[in-house]
Amino acid sequence: MAASAAVRSSMGLTLRLSRVIPDCSTCPLFRLKCNAKNAANLQRKGSFDSFRTINRHLQTSIGLYHSEEGSSNAEDPEDVVNVVYIDRSGQRIPVKAKVGDNVLYLAHKHGIDLEGACEASLACSTCHVYVSAAHFDKLPEPEEREDDMLDMAPMLQENSRLGCQIILTPELDGIELTLPKVTRNFYVDGHVPKPH
Amino acid sequence: MGAHKLLFSELKLWTSGRGGWIARLHKGIGACGKASLSSCSPKVCIVGSGPAGFYTAQHLIKARQDVEVDIYERLPVPFGLVRFGVAPDHPEVKNVINTFTQTAKHSRCSFYGNVNVGKNVSITELQQAYHAVVLSYGAEGNRSMGVPGEDLAGVYSAKDFVGWYNGLPSCRELSPDLSCETAVILGQGNVALDVARILLSPIDILKKTDITQPALEALAESQVRRVLIVGRRGPIQIACTIKELREMVNLPDTRPDMVAADFDAVKEALKDLPRPRKRLTELMLKTALEVPGEKEQERRSKASRTWGFRFFRSPVEVLAEPSHSRIAGIRLAINKLEGSGEGAHAVLTGEVEDVSCGLVVSSIGYKSLPIDPSVPFDSRKAIIPNTMGRVKQAAGLYCSGWLKTGPTGVIATTMNNSFDTARSLVEDMDSGTLDVSAAKPGSQSISALLEKRGVKPVTFSDWEKIDNVEMKKGESSGKPREKLLTVEEMLHVAWT
């Protein structure tokens, strides 16, 4: 618990220093929000989280229960899943997550640049990630709807999945998720008309 | 612990211990010598509040802590094609509005609706007020077929048809004539499939969506029972994606009606196709050629409506009835394909065929229009000439979205496109290529200008009033919202 908190706060500090995310902890409302949220969780399990946090709690069905409980209460070491995100600049961001966490919301919780435009409803491909080879086969097969959306993602690879469909299990410990680099020239040179 | 007690204790901690926030404020005031912290910040103006505008704003605000972004929108309501283009039966695609709402409500972002850039205020005036102007106003025109009879009653552009059922104020009076049995759609992209699906969907499905009430009523009376979706080239060149095709295949009370011969060369070509194209082609082949199982056969025999693709056909003339009061059909040229894959092109064979129909929808592409003579515009490609979002030969001017790359791409494509432009803009600010050292007045001067010209902007909270009214109106009929259909109604709600 302490270790995961330390990792999170140092990663958060890095992001704050590089001014990617705002420094919420200097605001008095931050701790008020955290305390109120924890109190509310006990009463409102599984219901929509109406607090608007900087890290964007998204209203959807998959993984909502888990995202509310969050990795902040990872007491049991057997519940911990180590995840590494590799962002678009190649930076490795290790995260200590919990069994049941959703890869998209986990990324948001840690300020990682993974969009989720349709809020996990399999209506877009903005949460497209590459999964490390060792863990790719441990994921359950994508449902047809996920494959349909993946087909629209630029730079599709064999190990592509939609982040919003990946729920962490103990076997996925050590999983590495790489955010696709969409190159600068992708839409200018060699632009291929895409459907709309 | 009561919330207010918590707040008090937090405030005490905050004011006694924390210096950071206050120190930066004092530093800011000292540096500028002015009372307002924000007068030295780079100010960016974005024209257009669809996905391109909002994603550009989102990235700018995140990338630099000092940037202030103002988004101008011609209509009183934001969100562009997310509101007016995405089909009513695709509500999940519209979830992105939540992300855009967060951006709009950010302290460094402001929304100004009901402002017509090009008419109420010029690009030059915006450039004087802001350090940078980003054009993201999309594509409001459409490509014309360029054939005789195109202007007859009964021929509509898909852009207008979609605008009609989605409540775009300028398309309110379209009143398409749905009293015929057959409709022909030219074009086979996702927009064409959306139109086909809306024309053939059971009313019970549509009435639970945010489709407009007049469109719902018209579709309830519609006599259209057969929709043909026509393309110049073959199955392998089709522009739609698998999700939309699957929706047609699974549409209740409909059955597919394809021409088997159209698929002759397709099976052999399958193995060499990249995955997305392969899966799409496999589904088409299955739908067109496979003998259905008993259950599916029964479902098809009971279906009251049909839909099908017609390949290798280009429009040459829309045929009118003798009285010229309505259309009788469309004359199509028969093509053959030269080359293969994405690059294959259609070549006329000289043969034609006539298809009877009472409704023609042309879905061959949207088109951007120039906004202001001072902005470079490539009329051949119908885009603003640019390099990575920087408008050519126009310092301080940028573009994102369809205006930048042409009118194709889903929200995810536009997102990447807009982030790219934002990156270019931030690079230019960081490197000094774009000079942001001198303060600019931003919205202060533009607001004054607009007021002088009798133009009153709609703020984001004004939009939220419209939003609430629409959602409340929808409640009684079990719809997510009942859209307001005129600018007047929107403004009335916004300002009451």
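**Exercise 1. Determine in which sense strands E3 and E5 of chain A pair, and place E5(A) within its sheet.**

Step 1. In this predicted model, strand E3 (residues 128-131) of chain A pairs with E5(A) in the antiparallel sense over two bridges, where strands are DSSP runs (E, at least two residues), helices are DSSP runs (H or I, at least four residues), and both are numbered from the N terminus. Two strands are said to pair if DSSP finds at least two bridges between them. Within this pairing, Val131(A) stands opposite Leu177(A) in E5(A).

Step 2. Strand E1 (residues 80-86) of chain A also pairs with E5(A), in the parallel sense and over four bridges, and here Val84(A) stands opposite Glu176(A).

Step 3. The open sheet of five strands in chain A has the order E2-E1-E5-E3-E4, with mixed pairing. Its edge strands are E2 (92-98) and E4 (160-162) of chain A, each of which pairs on one side only. Neighbouring strands of this sheet are turned by 35 degrees against each other on average, direction ignored.

Step 4. Strand E5 (residues 175-178) of chain A has a covered face made of Ile175(A) and Leu177(A), whereas Glu176(A) and Thr178(A) belong to the uncovered face.

**Exercise 2. Describe how helices H3 and H5 of chain B pack, and which kinds of residue form their contact.**

Step 1. Helix H3 (residues 51-63) and helix H5 (residues 96-104) of chain B pack at an angle of about 50 degrees, with their axes 10 Å apart; the axes are lines fitted to C-alpha atoms, for helices over the stretch in contact, and angles run from 0 to 180 degrees between N-to-C directions.

Step 2. H3(B) and H5(B) are therefore oblique to each other, since angles under 35 degrees count as roughly parallel, over 145 as roughly antiparallel, 65 to 115 as roughly perpendicular and the rest as oblique.

Step 3. On the H3(B) side, Pro51(B), Phe54(B), Tyr55(B), Ala57(B), Gln58(B) and Ile61(B) meet Val96(B), Thr99(B), Phe100(B), Thr103(B) and Ala104(B) of H5(B), contact meaning heavy atoms within 4.5 Å. These residues divide into eight nonpolar, three polar and no charged; Ala, Val, Leu, Ile, Met, Phe, Trp, Tyr, Cys and Pro count as nonpolar, Asp, Glu, Lys and Arg as charged, and the others, Gly among them, as polar.

**Exercise 3. Find where Phe79(B) lies, and decide whether Phe79(B) is buried or exposed.**

Step 1. Phe79(B) is found in the loop between strand E2 (68-72) and helix H4 (80-84) of chain B.

Step 2. At 1% relative accessibility, Phe79(B) counts as buried, a term that means under 20% relative accessible area, with exposed over 50% and partly exposed in between (1.4 Å probe, protein chains only).

Step 3. Most residues other than glycine have a negative phi. Phe79(B), however, has a positive phi of about 90 degrees although it is not a glycine. Met388(B), in the loop between strand E16 (386-387) and strand E17 (390-391) of chain B, likewise has a positive phi, of about 50 degrees.

**Notes on conventions**

Residues are numbered from 1 along each chain as its sequence is written, while chains are lettered from A and ligands numbered from 1 in the order in which they are written. Local features need pLDDT of at least 70, side-chain atom pairs count only at pLDDT 80 or more, and totals for chains, interfaces and linings use all residues, while side-chain values use heavy atoms, with hydrogens and water left out.
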